[in-house]
Amino acid sequence: MSELVHLERRDDGVAVLTLDNPKVNALSSEVLHQLRDHARSLTADPPRAVLVTGGPKVFAAGADISEFGGPDEAATVGTAFLEALEAVAAIPRATIAAVGGYALGGGCELALACDLRIASERARFGQPEILLGI
């Protein structure tokens, strides 16, 4: 299993969670599980603040729709999203989403799970899943 979400605890007390699932930081089940696990570890041993970021062009493009085979798979992915986003929201310190590019669907929801959002001029937020009927 590769590391798709990196956790860096800096000397200044800030923890940085970086999504690293090339090419568009799709939020696959594995990314969501790693995000959840890191968020839970930050809840158990809180830093001074948490910065959540992705790539310079894409913060997170949303769910990995290749995992949506049918209702059962969609329910599994939905549960993974709920657990990950609730874990991020539960971190007992300020969480800041640094959005430098696209934050779509679940990526937008991840940014919303944080306490604050800092967006570059290139940042774009959207919910394209409405076009998929989900």
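**Exercises on a sheet and two helices**

In this predicted model, helix H3 (residues 106–113) lies across E5, E8 and E10, and it runs at about 95° to E8.

**Exercise 1.** Work out in which order the three strands of the open sheet stand, and which of them are the edge strands.

*Solution.* Begin with the order, which is E5-E8-E10 with parallel pairing. Next, look for the strands that pair on one side only: these are strand E5 (58–60) and strand E10 (124–126), and they are therefore the edge strands, given that two strands pair if DSSP finds at least two bridges between them. Neighbouring strands of this sheet are turned, on average and with direction ignored, by 15° against each other. Finally, examine one pairing in detail: E5 and strand E8 (residues 102–104) pair in the parallel sense over two bridges, and in E8 it is tyrosine 102 that stands opposite valine 58.

**Exercise 2.** Compare the span of helix H2 with the expected value, and then find how its buried residues are arranged around the axis.

*Solution.* Helix H2 (residues 71–89) has 19 residues, and from its first C-alpha to its last it reaches 26 Å, which is close to the 27 Å expected at 1.5 Å a residue. Now list the residues with under 20% relative accessible area: in H2 the buried ones are Val77, Ala80, Phe81, Ala84, Leu85, Ala87 and Val88. Seen down the axis of H2, these residues fall within an arc of 155°, so they line one face of the helix. The face turned away from this buried side carries the exposed residues Pro71 and Asp72. As a last step, identify the packing partners of the buried residues of H2, which are strand E3 (26–27), helix H1 (29–44), strand E6 (62–63), strand E7 (94–99) and H3.

Definitions and conventions:
Residues numbered from 1 in each chain as written. Predicted model: local features only at pLDDT ≥ 70, side-chain atom pairs only at ≥ 80, totals over all residues. Heavy atoms only, no water. Helix = DSSP H or I, 4+ residues; strand = E, 2+ residues; numbered from the N terminus. Axes fitted to C-alpha atoms, helices over the stretch in contact; angles between N-to-C directions. Contact = heavy atoms within 4.5 Å. Expected span 1.5 Å × (residues − 1). Buried < 20%, exposed > 50% of the residue type's maximum accessible area, 1.4 Å probe, protein only. Arc of directions from axis to C-beta.
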